[in-house]
Amino acid sequence: EKADIGVTGLAVMGSNLARNFARHGFTVALHNRTKAKTDALIKDHGDEGDFVPTTTAEEFVAALERPRRLLIMVKAGEPTDAVIAEFAPLLESGDVIIDGGNAHFEDTRRRERELREQGIHFVGTGVSGGEEGALNGPSIMPGGSAESYGSLGPMLEQIAAKAKDGKPCTTHIGPDGAGHFVKMVHNGIEYADMQLIAEAYHLLRAVAGYSPAQIAEIFRTWNDGRLDSYLIQITAEVLAHTDAATGKPFVDVVADQAEQKGTGRWTVQVALDLGVPVSGIAEAVFARSLSGHAELRAASRDLPGPRGTTLDEKAAARFADQVEQALYASKIVSYTQGFHQIQTGSEEYGWDIDLGAIASIWRGGCIIRAAFLDRITAAYASRPDLPSLLSDERFAQEIGAAQEDWRTVVAAAVQHGVPVPGFSAALAYYDALRAERLPAALTQAQRDFFGAHTYRRDDREGTFHTLWGGDRSETKAG
Ligand code: NDP
């Protein structure tokens, strides 16, 4: 019997995806650079379904039903290129290579282009949900040709997470690098979500005076409302956890430095190139970098700050409600920014991405899964050409209702000396978009002054320059 799909790269992600396919009745060929991982998978889980273990690349390829479907789950970057170089010569026109690693979408575009010349479909695919998701149902974001989705899609729909309405959390995202681009922005939004939640915690602790256990309770209540999400839920669990060795709240014994693997950074780098203001995601990435500068932080610890006062019990409870409003409003902004980036990328690269469908496949399996995403799907369903999530009537209304409390929270943070880069960047974005006039006119005038960069006027067509060094008369430029 030939295999429906082959998986090469059997570390945590690859072996769990292979098991997921097998559990859904597919025959799965297995391959790994070092045979030990293949053997271990067969030994530990061989009874979960039909596996075809192989040793050499030739054996692996020969085990696959044609057109062949070959999933690569190896370390992103050069290892992926090495594996493609090993297998591509053994494949034929019409075969499909799927890269489920965390590739940069530009690499995916390049690989797709190169393999297309050989007639091979290359499907760069975002996979979110970590090892647990890979086994029990991830959110899957495949790019590549529509033709490849025709043969691969039904299989992915089987192994993907299912949203509450039963719909699979996967869809054809768009050509070449679209899937990895969307996965990248997903991770950027994940960074922003995590930062906002961390800021809410920090405020509840430093301003309202709540303990981690009390904050866990507050987060549990929030999780029953509109903030219902995987990240809020796990935050409550982390905050309620006590360190066995010391008896202290677990969050107080963990070194206060957040690391990163790079997809958040990519999101911001790409956003800078595309000219999309993803300030919330950028602040989240910078907050992690700042946390890691231990010496800089130690050297700055004695800098003066405001006199701290904590709130009484009643005021604290009121403040907690306000923080919920601020968190929700800021969350709307970070999704607005992330979707703006996807929309811009889609236009730039001609991907024609369905934004509502993206929100829909993030409802299950992935790290940012949340009830909230239903609202984004609904917003794009009622108006597919929505210029921004903030222009959706319902989001505009909700953010309008939250904005007074949001301001109160940011002001309280400033007064107490608690850094809230996520909340305040989100609020600044909101106020900037609202503003009738920004000081951008002044910035442009400065540019004209020192660099003769010219300016346009609201009242007349054309480009102008003022002779700042001379009689300050205006000339028509170009
Ligand atoms: P790793 O990223 O740790 O990669 C290990 C696997 O890559 C092993 O099978 C290893 O083979 C293989 N490998 C490394 N270099 C080469 C090479 N030069 N040639 C052939 N094989 C090579 O494994 P993960 O399972 O954590 O992740 C796999 C991919 O999925 C990565 O791209 C990752 O970014 C992505 N991903 C990971 C998630 C996670 O939560 N971990 C979530 C979503 C995506 P060997 O056994 O021989 O060393």
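Reader: Is Cys 366 buried or exposed?
Author: In this predicted model, the relative accessible area of Cys 366 is 0%. A residue counts as buried when that value is under 20%. Cys 366 is therefore buried.

Reader: Which cysteine sulfur is nearest to that of Cys 366, and how far away is it?
Author: Cys 366 takes part in no disulfide. A disulfide would need two cysteine sulfur atoms within 2.5 Å. The nearest cysteine sulfur belongs to Cys 169, at 7.1 Å.

Reader: How many disulfides does the whole structure have?
Author: The search covered the whole structure. Cys 169 is in no disulfide, its nearest cysteine sulfur being that of Cys 366. Cys 169 has 0% relative accessibility, so it counts as buried. The number of disulfides found is zero.

Reader: What is the orientation of H17 and H18 to each other?
Author: Helix H17 spans residues 393–416 and helix H18 spans residues 421–434. Their axes come within 11 Å and cross at roughly 130°. Angles over 145 degrees count as roughly antiparallel and 65 to 115 as roughly perpendicular, so this angle falls in neither class. H17 and H18 are therefore oblique.

Reader: What is the handedness of the crossing of H17 and H18, and which residue classes make the contact?
Author: The crossing of these two helices is left-handed. On H17 the contact residues include Ile 399, Trp 406 and Val 410, while on H18 they include Phe 423, Leu 427 and Tyr 430. By class, the contact of H17 with H18 has eight nonpolar, three polar and three charged residues.

Definitions and conventions. Residues numbered from 1 in each chain as written. Predicted model: local features only at pLDDT ≥ 70, side-chain atom pairs only at ≥ 80, totals over all residues. Heavy atoms only, no water. Axes fitted to C-alpha atoms, helices over the stretch in contact; angles between N-to-C directions. Helix = DSSP H or I, 4+ residues; strand = E, 2+ residues; numbered from the N terminus. Parallel < 35°, antiparallel > 145°, perpendicular 65-115°, else oblique. Left-handed = near helix turned anticlockwise from the far one by under 90°. Contact = heavy atoms within 4.5 Å. Nonpolar A, V, L, I, M, F, W, Y, C, P; charged D, E, K, R; others polar. Buried < 20%, exposed > 50% of the residue type's maximum accessible area, 1.4 Å probe, protein only.
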